[in-house]
Amino acid sequence: MEKSRKGPIIFSTIKPFAGLKESLKIGRSEVLDQVRNSNIRGRGGAGFPTGVKWNLTATATDNKKYVICNADEGEPGTFKDRVLLGEYAKLVFEGMVICAFAVGADEGILYLRGEYISFLPELDKTLNQMRKDNLLGENILSKKGFNFDIKIRLGVGAYVCGEETSLIESLEGHRGEPRNKPPFPTNTGFNGHPTVINNVETFAAIAHVVLKGATWFKSFGTDKSSGSKLISVSGDCRKPGVYEIPFGTTLKKVLKMVDAKDTKAVQVGGASGTCVSKKDFKRMIAFEDLSTGGSIIIFNQKRNLLDVAENFLNFFAEESCGQCTPCREGIPVLIEKLKKIKNIKATKGDIEDIFSLAETMQLASKCGLGQTASDALISILNSFKKEYTLAKS
Ligand SMILES: Cc1cc2nc3c(=O)[nH]c(=O)nc-3n(C[C@H](O)[C@H](O)[C@H](O)COP(=O)(O)O)c2cc1C
Ligand code: SF4
């Protein structure tokens, strides 16, 4: 069922699989050029340039290559991939097929968040129809030698399995724990073969890039963040939901769009993101300013931000894989110190300890979970000093 969502790119209409047909017409190197020239960056959070990623896999020498779509969507407050999988699955799969053509892969996997199991029958139906229409399988759309198919694998609810190397470990049947990088998946990915892993939204944008061109795509957004972003807005507002905005849109504008009143703070980027205060609502959603995989959580004046920080830290304590010391041991210490702050027992020295521990965690943790687990707390301590009172040391 297609809903009437509006947006400049993803939620604009193009004919299903017109982007794939165009790709086959212009050839793989031109597809790679268009993707690179569009400056599109990954929509899953880290913002790595997609063109660079695809080129690395395309030029890796191996007879076997994979394309994986990361549909784990575990970041608290993010639910935009859910909308894409439910309403725009063809567009997502089309992006995967275009990628396979460009990099020379013959197998694709959609790694689907376990909680999204209800989408499985419909997604399978779409894949079966694509097989019947020769959009998957052998000699796709009569292109001799272009063979590619997609299967779906379910995650089982671990947040860390959204991290790309952890996701690969999980797909290989191991514990979902992040690997050391390098080597990167573009070279040594699933089963040791070159693998492109992209977010659902990244793949959904690709057909538009190929069909309408890099220049058109770059006409949206900012110099450093081309195109648009899907955001999932929740919390204290009257119109929560999934919106498509051009990069460069200010928080102020977002708050107006979703009819938020009396806003005290906005958490941008989920539990691993930044808590922004009113004086910074003029800041914009963009990789060079407020970067987000899509999560925007709004808090009004009644919310206690120390509770918010504690909630996020408890989430990370639960989800840490425990592999490395700064993350495994650091998060509980942050929780302990935060409790002291809440009980007005923390001294200036405790605050200094928090900042120093956060820095160590950022520098020494193995993956993004531990590197960003302290970000919300640090931004709250920095930007919302009125939320807490220190004990006399
Ligand atoms: C703890 C953790 C969880 C992550 N979860 C997701 C996720 O649910 N979906 C996603 O696309 N990327 C997630 N990522 C980012 C992936 O590692 C990877 O950068 C991304 O899938 C690449 O796709 P993109 O370049 O299209 O953004 C996560 C990263 C970390 C560190
Ligand atoms: S940072 Fe945390 S989640 Fe990531 S590998 Fe280390 S212990 Fe595991």
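**Exercise 1.** Determine in which hand helix α4 passes α8, and describe the contact between them.

*Solution.* In this predicted model, α4 passes α8 in a left-handed crossing, a term that applies if the near helix is turned anticlockwise from the far one by less than a right angle. Local features need pLDDT of at least 70 and side-chain atom pairs count only at pLDDT 80 or more, whereas totals for chains, interfaces and linings use all residues; residues are numbered from 1 along each chain as its sequence is written, and chains are lettered from A and ligands numbered from 1 in the order in which they are written.

Next, take the geometry: the axes of α4 (residues 80-87) and α8, which are lines fitted to C-alpha atoms over the stretch in contact, come within 9 Å and cross at roughly 50°. That makes α4 oblique to α8, since angles under 35 degrees count as roughly parallel, over 145 as roughly antiparallel, 65 to 115 as roughly perpendicular and the rest as oblique.

Finally, list the contacts (C-beta atoms, placed from the backbone, within 7 Å): K80, D81, L84 and L85 in α4 meet V200, E201 and A204 in α8. These residues divide into 4 nonpolar, no polar and 3 charged.

**Exercise 2.** Classify E73 and I344, each with a positive phi, as buried or exposed.

*Solution.* E73, which is not a glycine, has a phi of about 25° and lies in the loop between β1 and α4. A residue is buried if 20 or more other C-beta atoms lie within 10 Å of its own, exposed if 12 or fewer, and partly exposed in between; with 26 C-beta neighbours, E73 therefore counts as buried.

For I344, phi is near 50°, and the residue sits in the loop between α12 and α13. I344 has 11 other C-beta atoms within 10 Å, so I344 is exposed.

How values were computed. Axes are lines fitted to C-alpha atoms, for helices over the stretch in contact, and angles run from 0 to 180 degrees between N-to-C directions. Helices (H or I, at least four residues) and strands (E, at least two) are DSSP runs, numbered from the N terminus. Two residues are in contact if their C-beta atoms, placed from the backbone, lie within 7 Å. Ala, Val, Leu, Ile, Met, Phe, Trp, Tyr, Cys and Pro count as nonpolar, Asp, Glu, Lys and Arg as charged, and the others, Gly among them, as polar.
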